[in-house]
Amino acid sequence: MPSEQPKKAERRSRLKALDYSVVQQCMHCGLCLPTCPTYATTKIERHSPRGRIALMRAVADNELEFGRTFAEEMYFCLGCLACMTACPAGVNYAELFEEARAEAEETNLLASPRRNLIRAFGIKWLFMDLKRLQVLGMFLRLYQQPGLQTLVRKSGLLNLFPPRLRELEAMTPSIQPHYSADLIAPITPAAGPRKYRVAMLTGCAQDLIFSDVNRDTVEVLAQNGCEVVTPPSQDCCGSLHAHNGELGLAQELARKLLNQFPPERFDAIVTNAGGCGSHLKHYRKLLANDPDYAKRAALWDSKVKDVHEWLMEIGVKAPLGEVPKQVVTYHESCHLSHGQKVTQQPRQLLRLVPNLELVELAEAAWCCGSAGIYNIIQPEMADALLDRKLNHISSTAATVVATGNPGCLMQIINGARKRGMNVRVVHPVTLLAEAYRAQTP
Ligand code: SF4
Ligand code: SF4
């Protein structure tokens, strides 16, 4: 019977195989520490970017065995990338983090029947074909019909389920009555002369929960001279997979999107989801070793634009219609601000909307705890971060919170509802779309 040792030797360590210039970039200055939400909460070096990078380097240098504690640490990290913004040495934490999580999956150190089942169903099956996700959405929508959900909740039936499942039931977002394909034509002409031809990515969860934001995005783009191509059936961008250690599946999905949206046919490929955009802009790196796709992926990266970024780049038209007078504050999605460095454009767009007063949010770029599926797998830390965010929102006295990522939208909507806060949580493009609609006779 083969011993465990040779098996470990056979596996090619991702961290050891990484370009050593990436692994040894950190100069231990600690400037990232105050910006790291997990370190700020625990004050434990291991939970800081510097600590995590030191662990990764120790693995790469053969000084530390890739063990369970290490793997757990990689999943305690939010992947918020605030450390990358703070780092003067330009450490590519995003790459280290994705490789470390992928290694954690390859080692199977965190495997358990429950975890394996959830990952096999969610990451490896449900999000690999969005038609499956839409079917699940239809069942959820049925369950959320007025009366039925209340009846189930009041009946005590949910008490038969484990507490964590009951918490997830309470967190489940409302499924829209219509998905994006029902609201958006495959090709939406520009309002006025066509200046650009763009593709619009409708996303996975975004399509189920915020298809109205997708419709608003297409309307705003059309108002700004874009012909918008929105195929009714699209694939997931693979961000969920890449951030959760499934780089092979992320590559598979990237190839599908490259086939569906040949980048040479568009002036821009637009996304309105900060988390997806951050991943979508790195297909070149993801497919660097694929001779059939590497060139197309490089062109793709140059064409992917977050919607705020694209609108400011083309010189957005200020809406003339007035929306009701309201005070709005802006929460920055981590992957929009730290991942894509899109920080000013959403604020500039919000300032264009007549009657909106923008007030700054303290720690606007501090993670809200959503972080992909972090709020599901690390609920305690996610709740602490959400509390911190809601406290800051409350102190602005804003009645509207704008944010450009579906995960943040869901997290803040849920948190505000639980606290009984009277705030509307919206994507910035929705406010723009409302102002454009108000100017149309
Ligand atoms: S990604 Fe976020 S949580 Fe992780 S080390 Fe960097 S700042 Fe900390
Ligand atoms: S700021 Fe950059 S160089 Fe300094 S400790 Fe953090 S990761 Fe290392």
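The legends below describe four close-up views of a predicted model.

**View 1. The surroundings of ligand 1 in the predicted model.** Ligand 1 is surrounded by 13 residues, and the closest of these are Cys36, Arg52, Cys77, Cys80 and Cys83. Two or more residues of this shell are given by each of the elements α4 (37-42), α5 (49-60) and α7 (82-86). Divided by class, the shell around ligand 1 holds ten nonpolar residues, two polar residues and one charged residue.

**View 2. Ligand 2 in the largest cavity.** The shell around ligand 2 is made up of 13 residues, with Cys26, Cys29, Gly30, Cys32 and Cys87 as the closest. In terms of class, ten residues of the shell around ligand 2 are nonpolar, two are polar and one is charged.

**View 3. The packing of helix α6 against helix α8.** Helix α6, which spans residues 68-76, and helix α8, which spans residues 93-107, pack at an angle of about 135°, and their axes are 9 Å apart. Angles over 145 degrees would count as roughly antiparallel and those from 65 to 115 as roughly perpendicular, and α6 and α8 are therefore oblique to each other. The crossing in which α6 passes α8 is left-handed.

**View 4. The packing of helix α5 against helix α8.** The axes of α5 and α8 lie 11 Å apart, and the two helices pack at an angle of about 60°. This angle makes α5 oblique to α8, because the roughly parallel class is confined to angles under 35 degrees and the roughly perpendicular class runs from 65 to 115. As for handedness, α5 and α8 form a left-handed crossing.

Terms used: Residues are numbered from 1 along each chain as its sequence is written. Chains are lettered from A and ligands numbered from 1 in the order in which they are written. This is a predicted model: local features need pLDDT of at least 70, side-chain atom pairs count only at pLDDT 80 or more; totals for chains, interfaces and linings use all residues. Side-chain values use heavy atoms; hydrogens and water are left out. A residue is near a molecule or strand if one of its heavy atoms lies within 4 Å of it. On a 1 Å grid over the protein atoms alone, a cavity is a set of points where a 1.4 Å probe fits but cannot get out, and a pocket is an open set with protein on both sides within 12 Å along at least five of seven lines; lining residues have an atom within 4 Å of a point. A molecule sits in a cavity or pocket if more than half of its atoms lie within 2 Å of its grid points. Ala, Val, Leu, Ile, Met, Phe, Trp, Tyr, Cys and Pro count as nonpolar, Asp, Glu, Lys and Arg as charged, and the others, Gly among them, as polar. Axes are lines fitted to C-alpha atoms, for helices over the stretch in contact, and angles run from 0 to 180 degrees between N-to-C directions. Helices (H or I, at least four residues) and strands (E, at least two) are DSSP runs, numbered from the N terminus. A crossing is left-handed if the near helix is turned anticlockwise from the far one by less than a right angle, and right-handed if clockwise.
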